[in-house]
Amino acid sequence: MALPFPSIDPVAFHIGPVAVRWYALAYLGAFLFGWRYCMSLVRNRLTVPLPKNYDDYVTWSVAGVVLGGRLGYVLVYNLDHYIKDPMDILATWHGGMSFHGGLAGVLLSAWLYARKHKIGFWRFMDPLAAATPIGLFLGRLANFVNGELFGRATDIPWGMVFPHGGDQPRHPSQLYQAGMEGLLLFLVLFIITKKTRWQEHPGLLSGVFLIGYGIARIVGEFFRQPDAQIGFLWGGITMGQLLSLPMVAFGLWLIRRAMRPTAQ
């Protein structure tokens with residue numbers, strides 16, 4: 001028994017000869033809704049960062065996510081292929097983005113922006129961290145529509161036969177991750193913004209995000225099929241789990257630091 005995979009065209013619509021994909025719209029929605037949410041978190045506050053800072057930072061964040069995500073995937077997940085065919089690095093329409101690489105790109109671009117405008121780095125990062133689950137939620141839904149990053153074989157009643165996953169029912173792990181990394185993590189951070197004086201503890205939201213995402217990714221990887229070119233690592237661990245462990249550890253340190261009176 002298995003649920004049929006919904007027949008959703010990965011192409012949302014065409015503009016002349018140009019095909020606009022749901023995956024591209026997910027990125028667009030992530031930046032748009034994330035930007036508006038960051039603006040709402042700092043609106044009517046007298047301390048930096050101000051709403052205009054997030055207006056200016058949008059293009060920086062796009063560069064950080066796209067360049068970091070692509071380079072992270074190339075270097076960590078499929079380096080051998082791109083060494084043989086380096087021009088394929090530019091073929092982003094074939095897929096291949098790494099969240100951990102995108103995170104590194106955003107951290108670097110945010111650090112450069114905050115330094116240029118003399119803003120406390122973690123003060124600037126906290127609203128970005130609170131908004132990031134929006135993009136994760138939309139991105140995982142787009143993964144599901146594309147029928148990619150599917151789960152491991154299973155006999156659960158809601159298993160699905162994915163177009164590129166063979167004839168075995170599999171976990172719809174993209175939806176699990178959308179729920180954990182997206183909806184649940186967003187709600188946790190939203191509650192913290194409403195119930196705490198997070199502005200007085202720079203790094204608090206960022207630390208909670210790192211821990212929450214790291215745990216959600218580690219759990220989600222138990223249901224997700226590992227990348228074919230990498231497979232399982234030592235003891236059955238996956239690359240996603242390995243990269244998420246330092247995130248959890250750093251998030252714990254960051255929360256501890258944020259609760260100190262001198263945190264900036």
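Biologist: In the largest cavity, how do the lining residues divide into nonpolar, polar and charged?

Modeller: This is a predicted model, in which local features need pLDDT of at least 70 and side-chain atom pairs count only at pLDDT 80 or more, while totals for chains, interfaces and linings use all residues. Residues are numbered from 1 along each chain as its sequence is written, and side-chain values use heavy atoms, with hydrogens and water left out. Ala, Val, Leu, Ile, Met, Phe, Trp, Tyr, Cys and Pro count as nonpolar, Asp, Glu, Lys and Arg as charged, and the others, Gly among them, as polar. The lining thus sorted comprises 4 nonpolar, 4 polar and 4 charged.

Biologist: Which elements give two or more residues to that lining?

Modeller: A cavity is a set of points, on a 1 Å grid over the protein atoms alone, where a 1.4 Å probe fits but cannot get out, and lining residues have an atom within 4 Å of a point. The lining includes Tyr 77, Arg 217, Glu 221 and Met 239. Among helices (DSSP runs of H or I, at least four residues, numbered from the N terminus), the contributors of two or more are H7 (204-221) and H8 (239-258).

Biologist: How are H6 and H7 oriented to each other?

Modeller: The axes, lines fitted to C-alpha atoms over the stretch in contact, give angles from 0 to 180 degrees between N-to-C directions. Those of H6 (residues 173-195) and H7 come within 10 Å and cross at roughly 160 degrees. Angles over 145 degrees count as roughly antiparallel, and H6 and H7 are therefore roughly antiparallel.

Biologist: Which residue stands opposite His 14?

Modeller: Two strands (DSSP runs of E, at least two residues) pair if DSSP finds at least two bridges between them. Strand S1 (residues 11-15) and strand S2 (residues 18-21) pair in the antiparallel sense over 4 bridges, forming a hairpin with 2 residues between them. Opposite His 14, in S2, stands Ala 19.

Definitions and conventions
1 Å grid on protein atoms, 1.4 Å probe; cavity = no way out; pocket = protein on both sides within 12 Å on 5 of 7 lines; lining within 4 Å. Parallel < 35°, antiparallel > 145°, perpendicular 65-115°, else oblique.
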